[in-house]
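Got the viewer open? Here's a short walk through one chain and the side it shows to a neighbour.

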Amino acid sequence: MIKHRALALLKAVSTFKGGISGAFLLLLVIGALFAPWLSPYPYDQQDLGIMNQAPSLTHLFGTDEFGRDVLSRMITGARTSLSVSVTAIGISVLLGLVLGATCGYFGGTFDRVVMTVIDLTWSFPEILIALMLVAIIGPGLEGVVIAIAIAYLAQFTRLTRTQIMSLKSETYVEATISLGAGHAHVLFSHLLPNALAPVLVAAMLATGDAIILEATLGFFGLGAQPPTPSWGAMMSSGTAQLFIAPWVILLPGLAVALTVVFINLFGDAVIAALDVRAKFREA
Amino acid sequence: MSDLLTVNGLSRRFSDGGLFRKRKTFHAVSDVSFTLKKGQILGVVGESGCGKSTLARLVLRLINPSGGQVTFDGVDMASLSRGDMRRLRQRMQLVFQDPYSAIDPRYSIRDALLEPYRVQGVKPKSTDETVASLLDMVGLNSSLAASYPHQLSGGQKQRVGIARALALNPSLVVLDEPTASLDVSVQAQIVALLERLRQELGLTYLFISHDLGLVRYFCDQILVMYLGRIVEVLPSDAAPAHPYTRALLDSTFEPDPKRRRSITRLAGEIPSGYDLPAGCAFANRCPRVSDLCRKVLPTLTSQGSGHQAACHHPLAAVPEVAVDQRSVA
Amino acid sequence: MLLDLEMLRISFGAFAPVDQVTLSVDRGEILGIVGESGSGKSLTATAIMGLLPRIGGQVAAGTIRFDGTDLVGLPERQMRRLRGGRIALITQNPMTSLDSMMRIGPQIDQAARLHLGLSRSAARARSLELMADLRIPDPASVYDLFPHQLSGGMKQRIVIAMALAGDPELLIADEPTTALDVTVQAQIVQILVDLVRQRGLGLILITHDMGVVAQACDRVAVMYCGRVVELAEVDALFAQPRHPYTQALIRCIPRHDMARGTMSAIPGVVPSAAAQPPGCRFNPRCARVADRCRVEIPELRIGVSGNGVACHVAEAA
């Protein structure tokens, strides 16, 4: 089965859309991982002599109000943005899988109580929930991770629950129970593995959204605290120089937009690859 | 021979509706009793909605009854703990109607065949040999072990389903329409396989089907169900006494144009299992209906040795009459 | 003859899942086409309806002569006039033949309005009459129901009524009773037989069930892997089946007087379209296979009686 999932990924990457977006995302991840070595300058090296310089050969993306190299800050910022959103979505997916699977499989009062709370949070925009939570926890990256994780919890819980509920009525599940299987075997050997693919695809798409959310929180000054760069925080500090040094706000903005677009494209390619397999299976 | 399975007054009701709709009760199985001796094949026949599949699941306790008792090899299943029940499942297995969905699509045939052992915590001596011998037992080539369900034909998948059910050496196998979604030639293969396995392994079958012709061929004793109740219990070579069984038999076409059936116009179709009438459930379609039938529910009464029918006006035991329809028309 | 197929060959790219099919049906006659899944029986029906291009296939050779006109290569405009009019199709699954968002009555009316040019009220009167003919209780109220409010057997009757609405001369029923309960199946088969006897329609009844064939048909074409292996009048076919496949197929069905264990199965599986054996396509599964069968494809030879068989061994006997 692991072979099949790898096959779907391979198929996704081999398409034009999947290939281009996959390559971009791979570059981004490499950039984030090796940020200290790849940045041309230390991200926090100030040089007040070269404030707000336009992009040039020495500073490819220009400098900001403190004369810091924008490219270096963006590379390090990618590290913040990616690690925050991936961690947050990872936590959210794990929690969502546990909650959704428990609710969908066992039902009953627990399901009703959990789903009422989940539906309640579902009816607020993620940004509102995140803002509220950060206000409670206090600013800082940990707060942002928790806020994003909880903001997306409703989505993954509901998706997992629906998947589990429909898979529960499959004949092979009844067949396993009639062999004498207990709940754990049914859940972990049949239901969750079959429910995983759509949840993972949703998680990938949500990571794009989470990057925007992280940038928004950073823009409000609620995320990474200076001097740690993040794309959102960079844009925030860039607003003051919007007309003097537009690159300080535009380039991180472009990075956010491109990343989200490519994540979505890659997600589409994976969905298409998975669908092809489903059709093949039916035939 | 001793009794392997005793079912007594088994019932199952389902309720739905609630807040905005009148609560309705669906009688899936009502007051069903029978015994199944070791080595016997008992057929349960009826049309959709007669409760035969629910009965199969009640017998295996995959769903809990609303009333009544199931005793398997002297043990009352209701008295068992969850763990004991799970262990008992080794001895009673189910083969499904739809072989296409009875195997997890992500499992290879090998994994599917080893799952029973994994579930029961039994370690087979050699997994490769076990898989090969299971496949061989149901007439499949052992090279299929590495395949996935979608690569197999319906008949092959059903053979895998049977092999899986037999992996843990059960005593009782419940066959829930095992051939209904297969071509006739494949059906014949599966039936022959089931017959061979029964003799080799000393199995007892509860065979559920909508095909009275097949049940009469394959089973020793037949239960005919209509809307959740047993309307007739008959040896497979006996002429039916209940008008419904007669109608079922007349609707089963034999591969012989000389024995064309004159279709008795069985008026109407099966009513819903909700709001059952007070009397006989078959009354509104029965050619022999009387006022008594509409008021009083008939109980099973003896029609000869091993033969019971729940009918106020049973048919006399007459040999089958074949009518050549063309000579009438 | 109402319909005459001669040496029909259907191709999908390099594959020809149906080849050399010759059969015919007359007015007032029921021709059974019997075979397992993959025998090409449904594709043959699709070809007669002129619907092959929709599923990516085409008639590569042969003729489909309907009342004297060859339907192969007939312009789509003319084909459309025949389809649902003089030739009607009843499909296996009544659930998919009905529009779930539309009331029952107007769905039956359609063919009559389209092909017979009837007014709305005249079409309605005709639909009610048809429904009464098919013994649908209380047609006037069923007319205003939605499909989901009807049982499976009732839906199949509605589908038959829809097929009859255009006043067809040829009716093709593709496994019309497979999805139904046995008592309902018996009723539907009886309705179809009565239609042919009373209205003089030609009926092609496609089925995998030899029991249904024996019950309803006048003549039978047995198909295997896209070819007609035996064509015979029904009594002769069951009394003296000549092709080993026909014999095996009949023996697959339990009869009332069979003892347990005496039913015999056909060994092996139907080969896929991509893996057809050379020679007679049944030869790997045949009990009476001869050397010649493995190399040379037997042709269907129809005698003066109108019966014929495509088998080297049966011909030699």
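Start by selecting residues 41-48 of chain C in this predicted model. That's helix H1(C), lying across strands S1 (3-12), S2 and S4 of chain C. Line up your view with S2(C) and you'll find H1(C) running at about 70 degrees to S2(C).

Now bring up the sheet itself. Four strands of chain C make an open, antiparallel sheet, in the order S2-S1-S4-S5. Select S2 (15-25) and S5 (69-70) of chain C: each stands at an edge with a single partner strand, so one side of each has no neighbour in the sheet.

Zoom in on the S5(C) edge. S4(C), residues 58-66, runs antiparallel to S5(C), and two bridges join them. Pick C:Phe66 and look across to S5(C): its bridge partner is C:Thr69.

Next, select residues 104-115 of chain C, which is helix H4(C). Which of its residues are buried? Colour C:Ile104, C:Gly105, C:Gln107, C:Ile108, C:Asp109, C:Ala111, C:Ala112 and C:His115. Their cover includes helices H5 (120-133), H6 (139-142) and H7 (152-165) of chain C. Just past H4(C), click C:Gly117 for a positive phi of about 65 degrees.

Last stop: switch on chain B. Here 38 residues of chain C are in contact with 35 of chain B. On the chain C side, the elements giving two or more residues are helices H8 (182-199), H9 (210-216), H10 (234-239) and H11 (244-251). H8(C) gives the most, with eight residues. Colour that side of chain C by class and you get 18 nonpolar, 13 polar and seven charged residues.

Notes. Residues are numbered from 1 along each chain as its sequence is written. Chains are lettered from A and ligands numbered from 1 in the order in which they are written. This is a predicted model: local features need pLDDT of at least 70, side-chain atom pairs count only at pLDDT 80 or more; totals for chains, interfaces and linings use all residues. Two strands pair if DSSP finds at least two bridges between them. Two residues are in contact if their C-beta atoms, placed from the backbone, lie within 7 Å. Axes are lines fitted to C-alpha atoms, for helices over the stretch in contact, and angles run from 0 to 180 degrees between N-to-C directions. Ala, Val, Leu, Ile, Met, Phe, Trp, Tyr, Cys and Pro count as nonpolar, Asp, Glu, Lys and Arg as charged, and the others, Gly among them, as polar. A residue is buried if 20 or more other C-beta atoms lie within 10 Å of its own, exposed if 12 or fewer, and partly exposed in between; C-beta atoms are placed from the backbone.
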